[in-house]
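Work through the exercises below with the sequence and the model open. Each task is followed by a solution in steps.

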Amino acid sequence: MSLFARLQALLSAHPSAPAAAGQTPATHAAPSAATGAPAEAEGASEQQPVCTRYLPAGQVVVREGDPGNSMFVVLEGRVAVLRGGDHGGNTEVGRLGAGEFFGELALLTGTQRTATIVTVEDAVLLELTQAGVRELGKDYGVKGEQMQVAARERLLADALRSNPLIAALPPEVQHELGDAFVPCTVPAGETLLTRGQPGDALYVLIRGQCEVFHTHSDGRQSAYPKLEEGALFGEISLLRSRLATATVRTVTPCTLLKLERDVFKKAFLGQPDLRGALVRLGLERLKHTIEVMGEAK
């Protein structure tokens, strides 16, 4: 049974949410505007492994970019998923209803919140900390490893929506990639690839923005188009055993999927569909690099 099915069964059997011994459910939260303090922050000091939160419409549950110490399951009502744009505005990218969950990525992998969640109507949420997840594993068979897989699959689904190369791969290859990619969060100003140095991984940019530039022998820099969400990079060094042809640096805090070189060579180098797609992408980028270098003459 899948993690989602297990959670549905749990919610069906315990509509008021399971509570740890001696624990009482959280009281109804006071109304607050969508710009107010997240409900997670308001209840952070309670440290209850499992609790029920009753939230009014317009309540921020978690905020994008914040650290996360819990995940949530929607018992009743609906919540909106908002993501910030380049100019700081929030755009709604989806809604979640009863039986759906969010926040598992930040809880289980240590990455930052990748979206802001706001209730769009009065809602009842089940909140789980790490201890709560362990309790579910002990009492209901919901294992942390399964949630980690679910978190990676959700990240890969985000990549599929915006990366045609990955979306075009056969389902079985997508599934293997979902198991092999490791999510990570990188602060702004971090260099992921350095021109002239070997690359160590294949990356998919899930949240944030990266700059790409070529440094000429005289020190001048030529910029490539910035990498946006869904971009894949690092393939040239992995496939062709070549040094990186450009430098990639984070402009904002970024959440990425990372596939280590050794894992790629062992599990995916022989996949003709993936290899062919990456070769085509790499050739396009090498052509662009040659054009940029020619402009310097």
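A disulfide is a pair of cysteine sulfur atoms within 2.5 Å. The model is predicted, so local features need pLDDT of at least 70 and side-chain atom pairs count only at pLDDT 80 or more, while totals for chains, interfaces and linings use all residues. Residues are numbered from 1 along each chain as its sequence is written, and side-chain values use heavy atoms, with hydrogens and water left out.

**Exercise 1. Cysteines**

Task: Find how many disulfides the structure has by this rule.

Solution. Step one: take Cys254, whose closest cysteine sulfur is in Cys210, at 4.0 Å, which is too far for a bond. Step two: take Cys184; its nearest cysteine sulfur belongs to Cys254 and is 9.4 Å away, and Cys184 is in no disulfide. Result: the count is zero disulfides. As for its surroundings, Cys254 counts as buried (under 20% relative accessible area; exposed is over 50%, partly exposed in between; 1.4 Å probe, protein chains only), with 0% relative accessibility.

**Exercise 2. Aromatic pairs**

Task: Identify the aromatic pairs and state which parts of the chain they tie together.

Solution. Step one: apply the cut-offs. Rings of Phe, Tyr and Trp (its six-membered ring) pair if their centres lie within 6.5 Å; planes under 30 degrees apart count as stacked, over 60 as edge-to-face and the rest as tilted. Two pairs result. Step two: Phe72 and Phe102 are stacked, 5.2 Å centre to centre with 15° between the planes. Step three: place them on strands, where strands (E, at least two residues) and helices (H or I, at least four) are DSSP runs numbered from the N terminus. Phe72 is in β3 (residues 71-76) and Phe102 in β6 (residues 101-102), so the pair ties together parts 30 residues apart in sequence. Phe72 is buried at 0% relative accessibility, and Phe102 is buried at 4%.

Step four: Tyr203 and Phe233 are also stacked, at 5.1 Å centre to centre and 15° between the planes. Tyr203 belongs to β11 (residues 201-207) and Phe233 to β14 (residues 232-233), so this pair too ties together parts that are 30 residues apart in sequence. Both Tyr203 and Phe233 are buried.

**Exercise 3. Strand pairing**

Task: Give the order of the four-strand open sheet, then list the partners of β4.

Solution. Step one: two strands pair if DSSP finds at least two bridges between them. Step two: the open sheet has the order β1-β8-β3-β6, with antiparallel pairing. Its edge strands, β1 (50-55) and β6, each pair on one side only. Step three: β3 and β6 are joined by two bridges, and Val73 has Phe101 as its bridge partner in β6.

Step four: turn to β4 (residues 79-84). Six bridges join β4 to β5 (residues 90-96), antiparallel, and four join β4 to β7 (residues 116-119), also antiparallel. Val81 stands opposite Gly94 in β5 and has Ile117 as its bridge partner in β7. Step five: five of the six residues of β4 are buried, so this strand is largely enclosed by the rest of the structure.

**Exercise 4. One face of a helix**

Task: Decide where the buried residues of helix α7 lie around its axis.

Solution. Step one: list the buried residues of α7 (residues 171-180): Val173, Gln174, Leu177, Gly178 and Ala180. Step two: look down the axis of α7; these residues fall within an arc of 170°, so they line one face of the helix. The arc is that of the directions from the helix axis to the C-beta atoms. An α-helix has 3.6 residues a turn, so residues three or four places apart point the same way.
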